[in-house]
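Here's a quick briefing to read with the structure open beside you. Take it one topic at a time and find each piece as you go.

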Amino acid sequence: MGSPAIAILGTGSYAPAKVLTNDDLSKQVDTSHEWIFTRTGICERHIANDEETTSFMAAAAARIALADAGLTAADIDLLIVATVTPDMQMPAAACFVQNLLGVPARAACFDVNAACSGFIYALDTAWAMLASGRYRHALIIGSEKLSSVVNWKDRTTCVLFGDGAGAAVLGPARGTAEILGTRLYAEGTHTNLLCIPGGGCLVPEPAANPEGPQRAIAMKGREIFKIAVRGMEQATREILAGHNLTPDHISCIIPHQANLRIIHALALYLEVPNDRVFVNLERYGNTSAASIPLALDEARRSGRIKPGDLTLLVAFGAGLTYGSALVRW
Ligand code: UT7
């Protein structure tokens, strides 16, 4: 007998109420709505307040996903949070979320750090653990408070990122819905292109040299752009080929929401019309690990995903990591 079919049973998302527009940013750094919008497609992003920690936002998204799945926290025996902005270095954000939700002590709770590919990495991990038969219901959450690691004086990065969370509940398939495949990749030769150099054991904070690397995002945007398009195209083509499918079989592609030009370049290379690619980054900016589950939840709730549809999730991020997932609804 093969592994049991595992499906996404419910989704949810959360974004802080506070919105920071491009015009607001142009009062803080030397930038403009015109530059940000034409180079990225972003118009505004949500910014968390002091109470809205990564675990707070994760728990808020998770409650909606649990209700959508018709389950409660008591049903969960696996909880994975994908994040690069945990509340603390330790313990894991997943343990904070467990406490907020009341997930039982018999659950395995841990974080994954694959940056913007984190949700795909969490999906792959949870799927494998559920398919093993040793766990029954998983909660996987991408949650980020990137505003806490942005250098608000650096116009080349501060205009790109936002805060938010998205969650999915995984469990035994109930109908046609099923997770069909995942592909994960990493190129550790490119760790220098996107990183938070300070705050780890290499450069502990407070840094001895205040002019040195800080606990803030440092990025080589132009280099990442090219690898992002190439990596996401590879992750898409290889997963589709593995299932004898072509891009035409996919009714909705949900890509990591970093830059509209990256998304449109991917669509062009795959020869997919832009209207089959879901985009919401104009309202959220890049929310790293939260980006795909936030977009997935919006796509489902807005009717862009219907029962029986094939959806492809595809991401890239720091590492550099990239990956894809093929999901039937
Ligand atoms: O989840 C992964 C996260 N990272 C990414 O996705 C990054 C991928 N890369 C990108 O999205 C793009 O490379 C950026 C949006 C980051 C930058 O766009 P670009 O078209 O590659 O611009 P650039 O870096 O080549 O900069 C062009 C010019 C520069 O000025 P000069 O040297 O030509 O005089 C920058 O200094 O734009 C300037 N610039 C800005 N001007 C106004 C950079 N940031 C800004 C800004 N406002 N915010």
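A residue is called buried when its relative accessible area is under 20%. Ala114 has a relative accessibility of 3%, so it counts as buried. Keep in mind that this is a predicted model. Below you'll meet two open sheets, one of 5 strands and one of 4 strands, plus some helices that pack on them or on each other.

**Zooming in on Ala114**

- You'll find Ala114 in the loop that links strand E5 (108-112) and helix H5 (118-131).
- Which residues does Ala114 touch, leaving out those up to four places away in sequence? They are Tyr121, Ala318 and Thr321.
- For a sense of distance, try Gly164: 50 residues separate it from Ala114 in sequence, and the two C-alpha atoms are 17 Å apart in space.

**The sheet of 5 strands**

- Read across this open sheet and the order is E1-E7-E6-E4-E5, with mixed pairing.
- Strand E1 (6-14) and E5 are the edge strands; each has a single partner strand, so one side of each has no neighbour in the sheet.
- Going from one strand to the next, the twist averages 15°.
- Strand E4 (residues 78-82) pairs with E6 in the parallel sense, over 5 bridges.
- Want to spot that pairing on screen? Look for Leu79 opposite Leu139 in E6, and Ile80 opposite Ile140 in E6.
- E6 also pairs with strand E7 (residues 163-172), this time in the antiparallel sense and over 8 bridges.
- Here, Ile141 has Ala167 in E7 as its bridge partner.

**A closer look at strand E6**

- Is E6 (residues 138-145) largely enclosed or largely open? 8 of its 8 residues are buried, so the rest of the structure largely encloses this strand.
- A handy rule: in a regular strand, side chains alternate between the two faces of the sheet.
- On one side of E6 you have Ala138, Ile140, Gly142 and Glu144, and on the other Leu139, Ile141, Ser143 and Lys145.
- Every one of those residues is buried, so both faces of E6 are covered.

**Helices lying across this sheet**

- H3 lies across E1, E6 and E7, and runs at about 130° to E1.
- H5 lies across E1, E4, E5, E6 and E7, and its direction is at about 165° to that of E4.

**The sheet of 4 strands**

- This one is an open sheet too, with the order E8-E13-E12-E11 and mixed pairing.
- Its edge strands are strand E8 (178-186) and strand E11 (252-255), each pairing on one side only.
- Neighbouring strands in this sheet are turned by 10° against each other on average, ignoring direction.
- E11 runs parallel to strand E12 (residues 310-317), and 4 bridges join them.
- Within that pair, Pro255 stands opposite Val314 in E12.
- Helix H10 (residues 291-301) packs on the sheet, where it touches E11 and E12; its direction makes about 150° with that of E11.

**Helices packing on helices**

- Two packed helices are described by the angle between their axes and the distance between those axes.
- Helix H3 (residues 54-69) packs with helix H4 (residues 93-101) at about 55°, and their axes are 9 Å apart.
- H3 and H4 are therefore oblique to each other, and their crossing is right-handed.
- Which residues meet there? From H3 come Ser55, Phe56, Ala58, Ala59, Ala62 and Arg63, and from H4 come Ala93, Phe96, Val97, Leu100 and Leu101.
- Sorted by class, the contact of H3 with H4 has 9 nonpolar, 1 polar and 1 charged residues.
- Now try helix H7 (residues 221-242) and helix H8 (residues 260-270): their axes come within 10 Å and cross at roughly 45°.
- That angle makes H7 oblique to H8, and the crossing is right-handed.
- H7 brings Phe225, Ala228, Val229, Met232, Glu233, Thr236 and Arg237 to the contact, while H8 brings Arg261, Ile262, Ala265, Leu266, Tyr269 and Leu270.
- By class, the contact of H7 with H8 divides into 9 nonpolar, 1 polar and 3 charged residues.

Note on methods: Residues numbered from 1 in each chain as written. Predicted model: local features only at pLDDT ≥ 70, side-chain atom pairs only at ≥ 80, totals over all residues. Heavy atoms only, no water. Axes fitted to C-alpha atoms, helices over the stretch in contact; angles between N-to-C directions. Parallel < 35°, antiparallel > 145°, perpendicular 65-115°, else oblique. Left-handed = near helix turned anticlockwise from the far one by under 90°. Contact = heavy atoms within 4.5 Å. Nonpolar A, V, L, I, M, F, W, Y, C, P; charged D, E, K, R; others polar. Buried < 20%, exposed > 50% of the residue type's maximum accessible area, 1.4 Å probe, protein only. Pairing = 2+ DSSP bridges.
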